Each structure stands twice: as C-alpha cells, then as structure tokens.
Amino acid sequence: MTDHTTPAIDATQHPELLVWPAERQSAFPHWADQAGGADRFDFAPGSLGTLDDLIRGTFDSSEDIDSQRRRDDFVQGTVWYVGEMMCRKHGMVWRYTPEPLDDGPHPPLFDPTDTPALDTPCVAFPDSEPYDGFYPLNILRRMLIDEGETGMPVDERLVDVLDPAYLTDEDDDEE
C-alpha cells in the first residue's frame, strides 16, 4: 500500500517561508518610501496608526485585499510589517502551515490561483500548535469590515496587535 500523505514540514522551516521574510525585509526600505517615508515606519507603536490610516485610505473592503492585490508589494510589505511588529513585541516567530492540496503538495505562499485562508504566513509563539497563530493578512481584512459573522460591530486597529490582551481573544486567532 502506498502512502500518499504529504510529509510534515516544520512550520518555521517551510522552504518558501525561509525566503519570503528575507525578501520582505530587503524590500522594506523601498516599501516604506512608497508608503509615505521610512521615518514613518520605524517599528514604533505609533507607526501602526499611520499604517492603519493608509490601509483604510487605500482599500474599500476586505474583498479588495482578497483580490489579486494581496500579492502587490504594498500588501506584502504591510503583511510583513504587521507580523514583524508582533514578532518583536511578543516574541513570536514566522510560520507557514498550509493545508496540503488533494494531490499532495502544499500550495505556494500567497497562491495566486486561490485565496484560501492558510496560504499566507502567520506569526505564532514558538511552542504553539501548528495551526495556532495570527495571520497578518487576516488582520488587515478584519480591520476593513464593519461587523463580524454574528452581526457584532468590528472596530479593529492595527495597534491592537501589540496589546497582550489581543493575543488571548479567541476570535482573533482563527480564520
């Protein structure tokens, strides 16, 4: 009998994840200049307020991010910046734990042919379970919606991710 399962991959060592953060960090100076100036994005908490305003001024809805725009340099840089802020503040690490496709391989990072919830990197505590984590792309999506699935208002700000209380809200760590 042949085993067709995909071998487990260490979520912090996925081949694409080993490349993506380094590429984003290298592109950061250009991203910051394009987003309004490197002096505005210094990894201080106030920079998330600046980025929050910029995102709300750039995108009309979460669907706008879900389109192919999520592969744009601006969105990619924003995902990296938000995640990197969480790593620095909370001692988290970058992870990529995709769902295997039906035919075995893992989908590529930020798969251009689909918008599944888990084709993007997340940040998580080093000892957490494989699918536990915070997905910066989803944080961006959530800040652009007015109400959640239960009809309750949603008023998320990027600076919230630096608050330790954010990490204990079970709604925030799910897709």
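Q: Which residues does M86 touch, not counting residues up to four places away in sequence?
A: In this predicted model, M86 touches G91, M92, V123, F134, I139, V161, Y166 and L167. Each pair counts as a contact because heavy atoms lie within 4.5 Å.

Q: Which residues touch the most other members of the largest nonpolar core?
A: M86 is one of them, along with Y81 and L158, in a core of 35 residues. Helix 1, helix 2, helix 4 and helix 5 each supply at least two residues of this core. Helix 4 gives the most, with eight. In soluble globular proteins, nonpolar side chains tend to be buried together.

Q: Why does D52 count as buried?
A: The relative accessibility of D52 is 2%. Buried means under 20%, so D52 qualifies at 2%.

Q: Where does D52 lie, and what is it in contact with beyond its neighbours within four places in sequence?
A: D52 lies in helix 2. Its contacts outside that window are M143, E156, R157 and L158.

Q: Which other residues of helix 2 are buried, and what covers them?
A: Besides D52, the buried residues of helix 2 are S47, L48, T50, L51 and I55. Their cover includes helix 1 (15-34), helix 4 (73-90) and helix 5 (136-142).

Q: Why does D60 count as exposed?
A: The relative accessibility of D60 is 72%. The cut-off for exposed is over 50%, so D60 passes at 72%.

Q: Where is D60, and what separates its C-alpha atom from that of L144?
A: D60 sits in the loop between helix 2 and helix 3 (62-66). Its C-alpha atom and that of L144 are separated by 7.3 Å, although the two residues are 84 apart along the chain.

Q: What relative accessible area does P21 have, and why does that value count as buried?
A: The value for P21 is 15%. Under 20% is the requirement for buried, so P21 is classed as buried at 15%.

Q: Where is P21 placed, and which residues is it in contact with beyond four places in sequence?
A: P21 belongs to helix 1, and W80 and W94 are its contacts outside that window. The C-alpha atoms of P21 and Y81 are 9.8 Å apart, with their positions 60 residues apart along the chain.

Q: How do you know whether the span of helix 1 agrees or disagrees with 1.5 Å a residue?
A: Helix 1 has 20 residues, which should span 28 Å. Its end C-alpha atoms are 28 Å apart, so the span agrees.

Q: Where in helix 1 is there a kink, and of about how many degrees?
A: The kink is at F28, shortly before the proline P29, and is about 50°.

Q: Which residues of helix 1 are buried, and what do they pack against?
A: They are L17, W20, P21, R24, F28, W31 and A32. These buried residues pack against helix 2, helix 4 and strand 1 (93-95).

Q: What is found for helix 2 when its reach is set against 1.5 Å a residue?
A: Helix 2 (residues 45-58) has 14 residues and an expected span of 20 Å. From its first C-alpha to its last it reaches 21 Å, which is close to that value.

Q: Which phi values stand after helix 1 and at F43?
A: G36, just after helix 1, takes a positive phi of about 125°. F43 lies in the loop between helix 1 and helix 2. Its phi is near 70°, positive in a residue other than glycine.

Q: What pattern does the protein chain follow along its sequence?
A: The pattern is α-α-α-α-β-β-α, with five helices and two strands.

Q: How many of the 175 residues, as a percentage, are buried?
A: Buried residues make up 42% of them.

Q: Where does pLDDT stay under 50?
A: Residues 1-7 are one such stretch, and the model has five contacts for them beyond four places in sequence. Residues 170-175 are also below 50, with ten contacts beyond near neighbours in sequence. Where pLDDT is low, the predicted coordinates should not be read in detail. The chain averages a pLDDT of 80, and 78% of the residues score at least 70.

Key. Residues are numbered from 1 along each chain as its sequence is written. Side-chain values use heavy atoms; hydrogens and water are left out. Helices (H or I, at least four residues) and strands (E, at least two) are DSSP runs, numbered from the N terminus. Buried means under 20% relative accessible area, exposed over 50%, partly exposed in between (1.4 Å probe, protein chains only). The expected span of a helix is 1.5 Å times one less than its number of residues. The bend at a residue is the angle between axes fitted to the seven residues ending there and the seven starting there. A nonpolar core is a set of buried Ala, Val, Leu, Ile, Met, Phe, Trp, Tyr and Cys residues joined through side-chain atoms within 4.5 Å. pLDDT is the predictor's confidence in each residue, from 0 to 100.
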